[in-house]
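User: I'd like a close look at the charged side-chain pairs in this model. Walk me through which ones pair up and where they sit, then carry on to the surroundings.

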Amino acid sequence: MCGIVGYIGNSDATPALLSGLARLEYRGYDSAGISILSGGKIATTKRAGKLGVLVEALKKKPLPAGKVGIGHTRWATHGSPVDRNAHPHIDPEEKVAIIHNGIIENYQVLKEELERLGHYFSSDTDSEVVAHLLGIEYGKSADLTDAMERVCQRLHGNFSLVAIAIDSPGVLIGARRNSPLVVGLGQGENFLASDVSAFISFTKRALEIGQNQVVTLTADSCSISDFNGVTQSPREFQVTWDASAAEKNGFPHFMAKEIMEQPKAVADCLLGRMDENGHLTLNEVRLSDDEIRDIDKVIIIGCGSAYHAGMIAKYGIEHWSRLPVEVELASEFRYRDPIITRNTLVIAISQSGETMDTLMALRHAKDQRAKVISICNTYGASIPRESDGVIYTQAGPEIAVASTKAFLTQIVAAYLVGLYIAEIRGIKFIDEVRDILEELGELPEKIERYLETSERLKDLALEFKSAQSILFLGRHVGFPVALEGALKLKELAYMHAVGFAAGELKHGPIALIEEGTPVLVIMPNLNSPLHDKMVSNVQEIEARGARAIIITAENDTSITSPRAIRIPDAPTLFQPLLAVLPLQLFAYESAVVRGYDVDQPRNLAKSVTVE
Ligand code: G6P
């Protein structure tokens, strides 16, 4: 939620800031703005609407050139998306400008205190109080680092902040608690941003900033302290992908590109998973084998598509490790007093590694002494950093708000965790695990084969363009796939869509079927005991007028429907990685034919860093 970027160097800041914001727009896109320090003054332009509106405004009236600046793309929490609520925010004396991602929970108290001192606020945001407080503190000592430390001590809630000040033209300052902020180290220029994509075309050298830390950048130096001024040593890392991975590369949308990247993403997710002795390994494990052997229950937490990936993973992890697995929405988890012991393993799934609901659930689990392994696509993000073990999905940057390649690789990674536990606990022999990995290794080719022949989904999207409601039915691992298909259609095409476990049809949902109701059915494998039951379910809904579109294996000759969509055959546990592909494409094509913004659906954001 909200993308922030800061630049300090020897070039004009505006182009670097705009290119960073373009890469961060997935984090929020209801308004954008930049401030530049130039000629002893702060010059600001900010506009409601997508980044393009700001870019047009800057074309008509460019900001003066300046070598330090900050930029923000917003996802509104406090205050509607109008020009005056856009960031940056400036203090009343126009000495400092700040940008903020997160929520200042005590902003009302601070605002009232400032109003008593005669401060007038020009926005409805929580963030503006930070600009006012920083202005006051900076007025006291003229040391921006000191001032920021003192301000942070007063703030409750979550924040990443970046600021500039008129009397410190050679300094860019940032701070974070619970919200993401990374440093990019360039040649004679440095960056601060919500994530590395903002500066990847300038540098691949990055520094992690820890919790409750303030970072002070000049064009060629970087120092980090905690909120009490004690110096901290940051961890440097190298970004492993390049700028082209964050471009559309000729595709009309990032989502189209990311769907087509899925064969490679799954293959990359499987890369390097064996140690020299042929044992399965995770990227970083800080749990001993004994601790893994003592696990007696697994709880998977996640939000949105990550939650659906967890629902699918449950089938594999239980089957291979023989441990009971619960799957819970991260936003619900810590509020129900879950039963957690030292022997509980919590698996947190998050593409961004910054989803606040998941982070807070993870912390709750750790407070109760559970072990935590995370599955994440973003190196060095908060969730993997706070976990005892990490498996990175290695899918490359995912920009489109709707998750596709991250979702597939989350399932694969969670399966790997299940196999890892099964191997350490001695439930599976190494060669059994290797056989399963070999089957997993066949998936990239199968995914690619399906994607090459997926044109038909455009016709279906056209046919159902005006449907009032679309249902999705699945059973076993197909049930979470149905939920994911419905979520995709809702978020992209703004159509009413619901996923059901097909066995539940007769207990209520069948009442929704009318003449012509489209129903997407995920048919279980031919050799599954559920196959024939699903065939009966299809007959029941078709008898009531439904138009069933059946996603089924190419070798399933029992399905003769002209509306069948054929996917390559795969073992039951791996079928979701194929069955979800037509559903992704259906949602994508439906959004396109209905004329909606595929990559940036209304009201959503990719990385949701508020609870
Ligand atoms: C947002 C995104 C979803 C995503 C969910 C969880 O709602 O729009 O696509 O599945 O967050 O994100 P995470 O980064 O934790 O996987």
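Analyst: **Salt bridges and their surroundings**

E113 has a relative accessible area of 25%, so it counts as partly exposed (buried is under 20%, exposed is over 50%, and partly exposed is in between, with a 1.4 Å probe and protein chains only). Before going on, keep in mind that this is a predicted model, where local features need pLDDT of at least 70 and side-chain atom pairs count only at pLDDT 80 or more, while totals for chains, interfaces and linings use all residues. Residues are numbered from 1 along each chain as its sequence is written, and side-chain values use heavy atoms, with hydrogens and water left out.

What does E113 pair with? Its partner is R154, and the two form a salt bridge with their closest N and O atoms 2.9 Å apart (the rule is a side-chain nitrogen of Lys or Arg within 4 Å of a carboxyl oxygen of Asp or Glu). R154 is in helix 5 (residues 144–154) and E113 is in helix 3 (residues 107–116), so this contact ties together parts that are 41 residues apart in sequence. Helices (H or I, at least four residues) and strands (E, at least two) are DSSP runs, numbered from the N terminus. Like its partner's end of the bridge, the R154 end is partly exposed, with R154 at 34% relative accessible area.

Next comes a pair that reaches across a longer piece of sequence. E554 makes a salt bridge with R449, and here the closest N and O atoms are 2.9 Å apart. E554 sits in the loop between strand 25 (547–553) and strand 26 (565–567), and R449 sits in helix 15 (residues 443–452), so the bridge ties together parts that are 105 residues apart in sequence. Both ends can be reached from outside to some degree: E554 is partly exposed at 40% relative accessible area, and R449 counts as partly exposed at 32%.

Now for a pair inside one helix. E491 forms a salt bridge with K488, with 3.3 Å between the closest N and O atoms. Both lie in helix 17 (residues 478–493), three residues apart, which is about one turn of the helix. An α-helix has 3.6 residues a turn, so residues three or four places apart point the same way. E491 is buried, and K488 is too.

Helix 17 also holds L492, which counts as buried because its relative accessibility is 0%. From L492 to A591 it is 99 residues along the sequence, yet their C-alpha atoms are 5.5 Å apart in space.

Beyond single pairs, K297, E326, E328 and R336 are linked in a network of salt bridges. How many salt bridges are there in the whole structure? A search finds 27. For a contrast in cover, take E438, which lies in helix 14 (residues 430–441) and counts as exposed, with 53% relative accessibility.

If you want a well-covered helix to set beside that, go to helix 11. It is mostly covered, with 10 of its 12 residues buried; among them are M356, D357, R363 and H364. The length works out as well: at 1.5 Å a residue, the 12 residues of helix 11 (residues 356–367) should span 16 Å, and its end C-alpha atoms are 16 Å apart, which agrees (the expected span is 1.5 Å times one less than the number of residues).

A few backbone spots round this off. N212 has a positive phi of about 55 degrees although it isn't a glycine. N212 is in the loop between strand 11 (205–208) and strand 12 (213–217), and at 30% relative accessibility it counts as partly exposed. The C-alpha atoms of N212 and N228 are 9.4 Å apart, with their positions 16 residues apart along the chain. Q394 also shows a positive phi of about 55 degrees without being a glycine, and Q394 sits in the loop between strand 21 (389–392) and helix 13 (405–424). Finally, H87 and P88 are joined by a cis peptide bond, with omega about 0 degrees; P88 is in the loop between strand 4 (68–74) and strand 5 (89–90).
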